[in-house]
Amino acid sequence: MLKLFKKSNIEWVIVGLGNPGASYENTRHNAGFKSIDYLAKRLDININRLRFKGLTGEGCCESKKVVLLKPQTFMNNSGESIIQVLKYYKLSGEQMIILYDDITLEPGNIKIKGRGSAGGHNGVSDILNYIDNDIFPRIKIGVGKKPYKDMNLADWVLSKFKGCENELMEKSYKKSVDMVFSIVKNGIDKAMNMHN
């Protein structure tokens with residue numbers, strides 16, 4: 001049975017970005033969703049409660065009470081869901097971890113950042129529109145660059161992984177879970193030193 005904690009006891013919101021619906025499964029843009037699924041499995045949390053314009057689940061990570069979130073607003077409106085969660089639990093951006101796809105990193109590569117711009121990512125850009133600063137931990141999951149310059153970026157990030165990319169991504173998803181544990185346990189600076 002899912003145990004619900006008092007909202008003041010929640011210490012972290014951990015968010016995987018992506019697009020809802022079967023047609024978007026295993027696309028590059030849904031790397032955040034996949035990572036949060038791997039995290040949920042490791043923490044034995046069901047992400048199945050619909051609220052805050054997203055699917056949520058509650059549990060513990062490194063003895064800290066956490067909420068896992070998969071916004072259902074579609075990628076470009078991710079901030080709508082996230083700001084509701086932060087306000088409800090009275091948390092700051094520094095108590096939030098965002099996992100999302102990054103086209104500047106190759107599949108299999110992954111990086112932690114503590115702050116910064118959206119870097120052209122529409123989901124992160126929308127989050128920045130809703131919170132008052134850019135200081136929040138993020139885990140960037142490499143999905144590869146466009147194969148040719150003139151390709152439409154939306155077509156690329158909505159394409160599915162192929163062949164050996166799937167094996168590389170599975171390793172990335174598992175590594176992203178380790179990174180989440182590290183951030184929650186040790187803080188963002190130590191986590192970056194350990195994993196980057």
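The secondary structure of the protein chain comes to six helices and seven strands. The model is predicted. From the N terminus on, the elements run β-α-β-β-β-α-β-β-α-β-α-α-α. With 196 residues, a compact globule would have a radius of gyration near 16 Å, and the protein chain agrees, with 16 Å. Its C-alpha trace spans about 50 × 35 × 35 Å along the principal axes. Buried residues account for 51% of the 196 residues. Take the contacts between residues at least 6 apart in sequence: 70% of them join residues at least 24 apart.

Start with the sheet. It is open, holds seven strands and has mixed pairing. The strand order is E2-E3-E4-E1-E5-E7-E6. Strand E2 (49–51) and strand E6 (110–115) stand at the edges. Each has a single partner strand, so one side of each is left without a neighbour in the sheet. On average, neighbouring strands are turned by 30 degrees against each other, direction ignored. In general, strands of a sheet pair through backbone hydrogen bonds, either parallel or antiparallel. E2 and strand E3 (residues 54–61) run antiparallel, joined by three bridges. Leu 50 has Leu 55 in E3 as its bridge partner.

Now the helices. Helix H5 (residues 165–186) lies across strand E1 (12–16), E3, strand E4 (64–71), strand E5 (96–102), E6 and strand E7 (135–142). H5 runs at about 160 degrees to E7. Helix H6 (residues 188–195) lies across E6 and E7, at about 155 degrees to E6.

Helix H2 (residues 78–89) has twelve residues. From its first C-alpha to its last, H2 reaches 17 Å, close to the 16 Å expected at 1.5 Å a residue. The buried residues of H2 are Ser 78, Gly 79, Ser 81, Ile 82, Ile 83, Val 85, Leu 86 and Tyr 89. They pack against E1, E2, E3, E4, E5 and helix H3 (122–130). Lys 90 follows H2, and its phi is positive, near 55 degrees.

Next, the interior. In soluble globular proteins, nonpolar side chains tend to be buried together. Here the largest nonpolar core has 29 residues. The members that touch the most others are Ile 14, Leu 39, Leu 68, Ile 97, Leu 99, Ile 139 and Val 180. Two or more core residues come from each of E1, helix H1 (31–43), E4, E5, E6, E7 and H5. H5 gives the largest share, eight residues. Another core lies apart from this one. That second core has 22 residues, including Ile 10, Val 67, Leu 69 and Val 85.

Two members of the largest core show how it is put together. Leu 68 is in contact with Ile 14, Ile 36, Leu 39, Ala 40, Ile 45, Ile 47, Leu 55, Thr 56 and Gly 57, leaving aside neighbours within four places in sequence. Ile 139 lies in strand E7. Its relative accessibility is 0%, so Ile 139 counts as buried. Not counting residues up to four places away in sequence, Ile 139 touches Ile 97, Ile 98, Leu 99, Tyr 100, Ile 110, Lys 111, Ile 112, Ser 176, Met 179, Val 180 and Ile 183. Ile 139 and Asp 102 are 37 residues apart in sequence, yet their C-alpha atoms are 9.3 Å apart in space.

How values were computed. Residues are numbered from 1 along each chain as its sequence is written. This is a predicted model: local features need pLDDT of at least 70, side-chain atom pairs count only at pLDDT 80 or more; totals for chains, interfaces and linings use all residues. Side-chain values use heavy atoms; hydrogens and water are left out. Two strands pair if DSSP finds at least two bridges between them. Helices (H or I, at least four residues) and strands (E, at least two) are DSSP runs, numbered from the N terminus. Axes are lines fitted to C-alpha atoms, for helices over the stretch in contact, and angles run from 0 to 180 degrees between N-to-C directions. Contact means heavy atoms within 4.5 Å. The expected span of a helix is 1.5 Å times one less than its number of residues. Buried means under 20% relative accessible area, exposed over 50%, partly exposed in between (1.4 Å probe, protein chains only). A nonpolar core is a set of buried Ala, Val, Leu, Ile, Met, Phe, Trp, Tyr and Cys residues joined through side-chain atoms within 4.5 Å. The radius of gyration is taken over C-alpha atoms; the globule rule is 2.2 Å times the number of residues to the power 0.38.
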